[in-house]
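Please walk me through this model, beginning with a turn between paired strands and widening from there to the chain as a whole.

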Amino acid sequence: MCADRRKPPAFDPVILDRLACPVCMGALRLDGSRLTCLGCGRVYPVVDGIPVLIADRAKMHESH
Ligand SMILES: [Zn+2]
């Protein structure tokens, strides 16, 4: 009998401590399946569980 089949999180939140925004070195917050920079507001995608911290791929947060 298997345990429940909950999906694992997008990735281990612990590694968030080791990640920083490549643009402003700000802290990142996991926001659904994306990472939002608390410093400059860029939003980085998480693809296949791997955060894509490339300034080119980031989108500026539109709400505010
Ligand atoms: Zn930033």
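**Hairpins, strands and a loop residue**

Gly32 adopts a positive phi near 70° in the hairpin of E1 and E2, where 2 residues lie between the strands. The model is a predicted one, in which local features need pLDDT of at least 70 and side-chain atom pairs count only at pLDDT 80 or more, whereas totals for chains, interfaces and linings use all residues. Residues are numbered from 1 along each chain as its sequence is written.

The two arms of this hairpin are strand E1, residues 28-31, and strand E2, residues 34-37, which run antiparallel and are joined by 4 bridges; strands are said to pair if DSSP finds at least two bridges between them. Within this pairing, Leu28 stands opposite Cys37 in E2, and Arg29 has Thr36 of E2 as its bridge partner.

Thr36 also leads onward to the next strand, since this residue stands opposite Val43 in E3. Strand E3, residues 42-47, runs antiparallel to E2 and is joined to E2 by 3 bridges. Between E2 and E3 there is again a hairpin, here with 4 residues between the strands, and Gly41 in the turn has a positive phi of about 85°.

Seen as a whole, the protein chain has 0 helices and 5 strands, where helices (H or I, at least four residues) and strands (E, at least two) are DSSP runs, numbered from the N terminus. Read along the sequence, these elements give the pattern β-β-β-β-β. Of the 64 residues in the protein chain, 12% are buried, a residue being buried if 20 or more other C-beta atoms lie within 10 Å of its own, exposed if 12 or fewer, and partly exposed in between, with C-beta atoms placed from the backbone. Among contacts in the protein chain with a separation of 6 or more, 17% are between residues 24 or more positions apart, a contact being two residues whose C-beta atoms, placed from the backbone, lie within 7 Å.

Further along the chain, Ile54 is found in the loop between strand E4 (50-51) and strand E5 (59-60). Why does Ile54 count as exposed? Ile54 is classed this way because 11 C-beta neighbours lie inside 10 Å. The C-alpha atom of Ile54 is separated by 8.7 Å from that of Cys21, a residue 33 positions away along the chain.
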